[in-house]
Amino acid sequence: MNALAPLLSGLTDRLPGLQALYRDLHAHPELSFQEFRTAGIVAALLREQGWRVTEGVGGTGVVGVLTNGEGPVVLLRADMDALPVREETGLPYASTATGVGPDGDEVPVMHACGHDMHVTCLLGATAQLAARREGWRGTVVAVFQPAEEVGGAPAMIEDGFLERFPRADVCLGQHVAPAPVGFVGTRPGPLMAASDSLRVRLFGRGGHGSTPEATIDPIVMAAAVVMRLQTVVSREVGATQTAVVTVGSIHAGTKENIIPDTAELRINIRSTTPAVRARVLEAVERIVRAEALASGAPKEPEITGLHSFPVTVNDPEVTGVVQGALTAALGDGRVFTLPQPLTGSEDFGTFGTALGVPSVFWHFGGADPALYQGIDPASLLEDGLPDTVPSNHSPLFAPVPEPTIELGVTTLLAAAAHWLCEEAGRA
């Protein structure tokens, strides 16, 4: 904690401003690659703090660089985008925003995954680093990434990230979770699943609803595909392996007495090993094509990949270092090792992979402790979250601003301090 103390000095006085920032960001969410207002706020605040700022990286990304003498280069990352979800939290700063989705439709927009919290915490950390330069040495690259929900990290890499900014020695990132505020979870090795999203278009032959025998009904075809896909995990993936197949969207038809020509499904697949990923992808394609054939479809289905995220893998040695730093900062019994990878996905690992350096990602709790009264936090590792606690992507998801903001700033600084503060040693 001695190495961290100088970096945390004055944080309490900064918290009211960070809380106001969080409420503003929460009330003004923006969809992936549309984070223009958010990026503008980030860039302006970084410049005020004294960082060298580059905007428009990978679309709407912002990168701040602060060099403070010789020393390691540490990359800290936060994501900025929101989701097409209508907020139902009832908070006084709840979002009423709308946006235009990739299909051109107007959709409600909400920070249902907590990226507004990530931006706030990283801006709190950058403010502390800029104001407390006497407590550290080295270079920090603060990455405010667009479009995490659809894979914005590769867009930043493709925009010359490796050549345009100091090469990091370690990449650090975090995600707010519906766990009790004050607790942190991570693990060495695979932390989060790979994700593959597909768009499937099924073709039938439309006609009048009163004469289905003269048609080939793509809605029935789609229903058969949805039901059959439920057998992939239960019958083609081993009990000790991990996979999830979700049909999150289905669209077909315009009127109750018209059988349409086409139906569209959007499918999401999660996996934690290359072998399981390949098996599940093959099974999904096989089932889609077989059901179309069984239905007498006049045309082969179209299967289009939308986006893919790799498995998020924490470097084992560096994860141990970060866990030790977080434990020293938060106290014993606050930092947990997750027993298995989470089925959620992230593109944070893209930075470490592209740079060829270790990366570590962790989850910090942001849920009201009142939701966990009478529950031992350690039991959540085995039992999972209670059904009464809204999770990420829920219209009810909203971390409590305090002490979550203070926790998120502290965890970023604590992890970075191992490399940046002489008292903590150098990697």
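1. Disulfides. The count of disulfides, taken as pairs of cysteine sulfur atoms within 2.5 Å, comes to 0. Cys 113 is in no disulfide, and the nearest cysteine sulfur, that of Cys 121, is 14 Å away. For Cys 421 the closest cysteine sulfur is in Cys 171, at 18 Å, which is too far for a bond.

2. Basis of the note. This is a predicted model, in which local features need pLDDT of at least 70 and side-chain atom pairs count only at pLDDT 80 or more, while totals for chains, interfaces and linings use all residues. Residues are numbered from 1 along each chain as its sequence is written, and side-chain values use heavy atoms, with hydrogens and water left out.

3. Burial of the two cysteines. Accessibility is sorted into buried (under 20% relative accessible area), exposed (over 50%) and partly exposed (in between), with a 1.4 Å probe and protein chains only. Cys 113 counts as buried because its relative accessibility is 8%. Cys 421 is also buried, with a relative accessible area of 0%.

4. Helix α12. Helices and strands here are DSSP runs numbered from the N terminus, helices being H or I with at least four residues and strands E with at least two. Helix α12 covers residues 401-420, and its 20 residues should span 28 Å at 1.5 Å a residue; the expected span is 1.5 Å times one less than the number of residues. The end C-alpha atoms are 27 Å apart, which agrees. The helix is mostly covered, since 17 of its 20 residues are buried. Pro 403 lies in α12, and the peptide bond that leads to Pro 403 from Glu 402 is cis, with omega near 10 degrees.

5. Backbone angles worth checking. Most residues other than glycine have a negative phi, and most peptide bonds are trans. Ala 147 has a positive phi, near 55 degrees. Ala 147 sits in the loop between β6 (138-145) and α5 (153-158) and counts as buried, at 0% relative accessibility. His 393 also has a positive phi, near 80 degrees. The loop between α11 (380-383) and α12 holds His 393, which counts as partly exposed at 41% relative accessibility.

6. Leu 83. This residue is in the loop between β3 (73-79) and β4 (98-100). Where does Leu 83 make contact, leaving aside its neighbours within four places in sequence? With contact meaning heavy atoms within 4.5 Å, the partners of Leu 83 are Leu 31, Pro 108, Val 109, Met 110, Ala 112, Cys 113, Glu 149 and His 393. Two of the residues discussed above, Cys 113 and His 393, are therefore among the contacts of Leu 83. Leu 83 counts as buried, at 9% relative accessibility. The C-alpha atoms of Leu 83 and Ser 32 are separated by 7.8 Å, although the two residues are 51 apart along the chain.

7. Val 73. Strand β3 contains Val 73, a residue that counts as buried at 11% relative accessibility. Outside the neighbours within four places in sequence, Val 73 is in contact with Thr 139, Val 141 and the residues Pro 166, Arg 167, Ala 168, Asp 169 and Val 170. Val 73 and Ala 416 are 343 residues apart in sequence, yet 9.7 Å apart in space, C-alpha to C-alpha.

8. Ile 269. Strand β14 (residues 262-271) holds Ile 269. Is Ile 269 buried or exposed? At 0% relative accessibility, Ile 269 counts as buried. Not counting residues up to four places away in sequence, Ile 269 touches nine residues' worth of neighbours that include Ala 194, Asp 196, Val 244, Leu 281 and Val 284. Ile 269 and Pro 377 are 108 residues apart in sequence and 29 Å apart in space, C-alpha to C-alpha.

9. Gln 323. Helix α9 (residues 316-330) includes Gln 323, which is buried with a relative accessible area of 15%. Apart from neighbours within four places in sequence, the contacts of Gln 323 are Thr 186, Val 335, Phe 336 and Thr 337. Between the C-alpha atoms of Gln 323 and Thr 337, 14 residues apart along the chain, the separation is 8.6 Å.
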